[in-house]
Amino acid sequence: MDRGASSLRGVARVVVLALLWGSTFLWIDLALRGLSPLQVTFARCAVGSLVLLAACRFAGHRLPRGRGTWRHLVVAAFFCNALPFALFSLGQQTVDSGMAGVLNATTPLWTIALALVLGAERAPHAGRSVGLLLGFAGTVVLFAPWQATGAAGWGTLAILGAAASYAVAFTYMGRTLVRRGTPTLSLSAAQLLAAAGLTATAMPLGGGLAPFDPTPTVVVAALVLAVLCTALTFHLTYRIINDEGATNAAVVGYLLPVVSVLLGVAVLGEQLHPRLLIGMAVVLVGVALTRRFPARGATPPAEAGAGDLPAAEDAAAAVVPAAPDGPDGPDAPDSPSDGALLSGRGTP
């Protein structure tokens, strides 16, 4: 395949992934019309894991067998799937889908802040510091604490908590799961399966057993959310990172707020407030600056190849010490190609 065709295929992947991730907040909004937040979370994890388990079986892969790997998967499932999925569903009971997508774009900023607090990144460039400050300033504009009170205020805090949870998850996954010999398809299926188990245990306590209204719209929204916006995006993200590098994959993060805002306005009739536009612009400029000025002393990832980390992991990969291999360590890869892929970021 020539470079032109390969480039077009790469652009197509980024566009498809941006549409899937960016539409997540629309489908959550529709699913919440008949399901509770915890029911949406469980459906997303359970159905998504079934899809990836079927894909594993079709590809001839096995789930990880090491106890150590499963311990890491349970932690990653909590911070990357169960907790943020529930917080997004909870927050979107009072927050528009467009703003939810914009607030999710703060994940890289939380990741860098975590690295700075824990000492994984020292003496940041001035431009990187400015980007971090701009990102948080934009978040304050979006949050509007002078306006956000009651349910709306708590909903915004829940979504910001979900973005911060992703930052913890990416850091943890980057040091304990990726590049350890297990196919990423197997890791994804196992992680969502663990997330479904965690969510199931919380169902009796968090309104998960409440009556629900499975209208056609709700059922379709839940299925699209689980199959396309959870299961498929995992594997598609791995392919982009493997084939084109983390830098190209990071472009998707910049497109998510645009997609979520436009879909919210076009489909749900949400209003496009000037404050939302200003906050979104400030957040995206802040994120772009943090990407423009990498951490000092860090080795920039290659533009292509299987050794790249996802964009949100670049700044904080050293926060959590790498787990040593042991007798119950990672499994051998089932195939050279999948063994080279990386575990990707959690979707909203």
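## How α2 meets α3

In this predicted model, helix α2 passes α3 in a right-handed crossing. On the α2 side, the residues doing the touching are P37, V40, T41, R44 and C45, and they meet A82, F85, A86, S89 and L90 of α3. Sort that set by chemistry and you get seven nonpolar residues, two polar ones and one charged one.

Now for the geometry. Two packed helices are described by the angle between their axes and the distance between the axes. Here α2, which covers residues 37–59, and α3, which covers residues 67–91, pack at about 135 degrees with their axes 8 Å apart. That angle makes α2 oblique to α3, because only angles over 145 degrees count as roughly antiparallel and those from 65 to 115 as roughly perpendicular.

## The cysteines

How many disulfides does the model have? The count comes to zero. C45 shows the reasoning nicely: its closest cysteine sulfur belongs to C80, and the two sulfurs are 10.0 Å apart, too far for a bond. A disulfide needs the pair within 2.5 Å, so C45 and C80 don't qualify.

Is C45 buried or exposed? C45 is buried, with a relative accessibility of 0%, and C45 is also one of the α2 residues in the contact with α3. C229 tells a similar story on burial: its relative accessible area is 0% too, so it counts as buried.

## S49, further along α2

S49 sits in helix α2 as well. Its relative accessible area is 2%, so S49 is buried; the cut-off for that label is under 20%.

What does S49 touch, once neighbours within four places in sequence are set aside? The partners are A189, L192 and L193. So much for α2; the last stop is another helix.

## V259 in α10

V259 belongs to helix α10, which takes in residues 246–268. With a relative accessibility of 13%, V259 counts as buried.

Where in the sequence do the contacts of V259 come from? Leaving out residues up to four places away, V259 touches A18, L19, G22 and S23. L20 gives a feel for the sequence gap being bridged: V259 and L20 are 239 residues apart in sequence, yet their C-alpha atoms are 9.1 Å apart in space.

Definitions and conventions: Residues are numbered from 1 along each chain as its sequence is written. This is a predicted model: local features need pLDDT of at least 70, side-chain atom pairs count only at pLDDT 80 or more; totals for chains, interfaces and linings use all residues. Side-chain values use heavy atoms; hydrogens and water are left out. Buried means under 20% relative accessible area, exposed over 50%, partly exposed in between (1.4 Å probe, protein chains only). Helices (H or I, at least four residues) and strands (E, at least two) are DSSP runs, numbered from the N terminus. Contact means heavy atoms within 4.5 Å. Axes are lines fitted to C-alpha atoms, for helices over the stretch in contact, and angles run from 0 to 180 degrees between N-to-C directions. Angles under 35 degrees count as roughly parallel, over 145 as roughly antiparallel, 65 to 115 as roughly perpendicular and the rest as oblique. A crossing is left-handed if the near helix is turned anticlockwise from the far one by less than a right angle, and right-handed if clockwise. Ala, Val, Leu, Ile, Met, Phe, Trp, Tyr, Cys and Pro count as nonpolar, Asp, Glu, Lys and Arg as charged, and the others, Gly among them, as polar.
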